[in-house]
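Me: I'd like to learn how to read a structure like this one. Can we take it step by step?

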Amino acid sequence: MTAKEIPYKIYLEENEMPKAWYNVRADMVNKPAPLIHPGTHQPMTLEELSPVFCEELCKQELNDTDPYIEIPEEIRDFYKMYRPSPLIRAYCLEEKLGTPAKIYYKFEGNNTSGSHKLNSAIAQAYYAKQQGLKGVTTETGAGQWGTALSMACSYFDLDCKVFMVKVSYEQKPFRREVMRTYGAEVTPSPSTTTEIGKKILEEHPGTTGSLGCAISEAVEVATSTPGYRYVLGSVLNQVLLHQSIIGLETKAALDKYGIVPDMVIGCAGGGSNLGGLISPFMGEKIRGEADYRIIAVEPMSCPSFTRGRYAYDFCDTGKVCPLAKMYTLGSGFIPAPNHAGGLRYHGMSPVLSQLYDDGLMEAISVPQTEVFAAAEEFARVEGILPAPESSHAIKVALDEAKKCIETGEEKTIVFGLTGTGYFDMVAYEKFHNGTMDDYIPTDEELEKYFETLPPVE
Ligand SMILES: *Cc1c(COP(=O)(O)O)cnc(C)c1O
């Protein structure tokens, strides 16, 4: 088949959409380390997790054995509203670059929340509803997760309480209003509505908040309010499981045209989109059926993979959550205020952390001005205004495609375009005005946070 016979956008038919999520943990030789209790350091049991998370989601969290988990019909019906998402051949970009590389991207920005997060939000809301719960609590940074969860909760008629990192609450009023349009209650974090929020405010008056702090508040409300549970939009095994829909669709679309990628690239914040995108490819790689380069891209200002420690750490600032073994910068780490590109969580998915530690994937960190330059280069030819987070993947995909110009190699590059950037125009503005810079933490700074890692054997 010649290249031009491949459509610009490869869509699956509705009946070709995956009916089960793929759980890469089942194929992993070294399983991800379990979540452990912050007091006893013993692996968290179903009974211990259940007061915090929905029952069925706890089971998924602990399930290292079933390779496929059926997607309930109600969730598949919701997926049909915005899925399958297109796998797009970037013909215009290839031509503009003059590269012999073939570039494909899986676009997850085709829904109102503007990102892949809806894939897991709808699943988590569904299981909360099934359990007969009244509502859920969560945190949100830039607001994509809160928006996705608000949409999912309104669909299933659940209450949704969102703790939004204060600086974003103030700087991103539009995101906040989208959440409220879908009926969510949005509180700037840290707040005086929780014990942990009050404590953090006392210790750090005037703080503009962080994800880790908002998580502590959301968990406190979930565990102290009857009929509520806490839900999280990234990092956890269950979230990667739900996001496998991205990778399964990508693989099915490529298989339909006999396309085999050389490399699969994604941005990594907590690791959910990347974990989902790569899962079926990683499965083949682990089982020895195929080989791919798998590349995580993270910001230089929040470099958990490339400069973090692989250790048990707190998932939140208030230290109320279980400990996770992951590549981490320390739970007190907050990227510099001038970092505008998202992907600011201090830790990384335990699944991806283990795969990275096993040498099954690579990680690259990139400075934010280069990320925005890549975003612009992409937007101008492919017509999509990418989210800054997604643009980390674009940056490395462009670099790889440019290398092919020199070598003449016709590499096939697949990357994840996780969302659109319409709510990030203040960051774009800084870039255009030349007031954006590349803050890179020093070793001394990182060392200070590593010292706060809990002593776990
Ligand atoms: C949240 C988000 C990310 C990063 O989260 P992961 O869990 O690492 O996938 C990336 N892109 C967009 C658009 C997001 O909203």
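Reply: Sure, we'll begin with a definition: helices (H or I, at least four residues) and strands (E, at least two) are DSSP runs, numbered from the N terminus. This is a predicted model, where local features need pLDDT of at least 70, side-chain atom pairs count only at pLDDT 80 or more, and totals for chains, interfaces and linings use all residues. Residues are numbered from 1 along each chain as its sequence is written, and side-chain values use heavy atoms, with hydrogens and water left out.

Me: Where does T193 lie?

Reply: You'll find T193 in the loop that sits between strand 8 (185–189) and helix 9 (195–203).

Me: Is T193 buried or exposed?

Reply: Buried means under 20% relative accessible area, exposed over 50%, and partly exposed in between (1.4 Å probe, protein chains only). T193 has 54%, so it counts as exposed.

Me: Which residues does T193 touch, leaving out those up to four places away in sequence?

Reply: Contact means heavy atoms within 4.5 Å. By that rule, T193 touches F163, T187 and E217. E217 is 24 residues from T193 in sequence, yet their C-alpha atoms are 8.5 Å apart in space.

Me: How do the strands 8, 7, 6 and 9 line up?

Reply: Two strands pair if DSSP finds at least two bridges between them. Here four strands make an open sheet, ordered 8-7-6-9, with parallel pairing. Strand 8 and strand 9 (228–230) are at the edges with a single partner strand each, so one side of each has no neighbour in the sheet. Strand 8 pairs with strand 7 (residues 159–165) over five bridges, and one of the bridge partners is E185 in strand 8, matched with K161.
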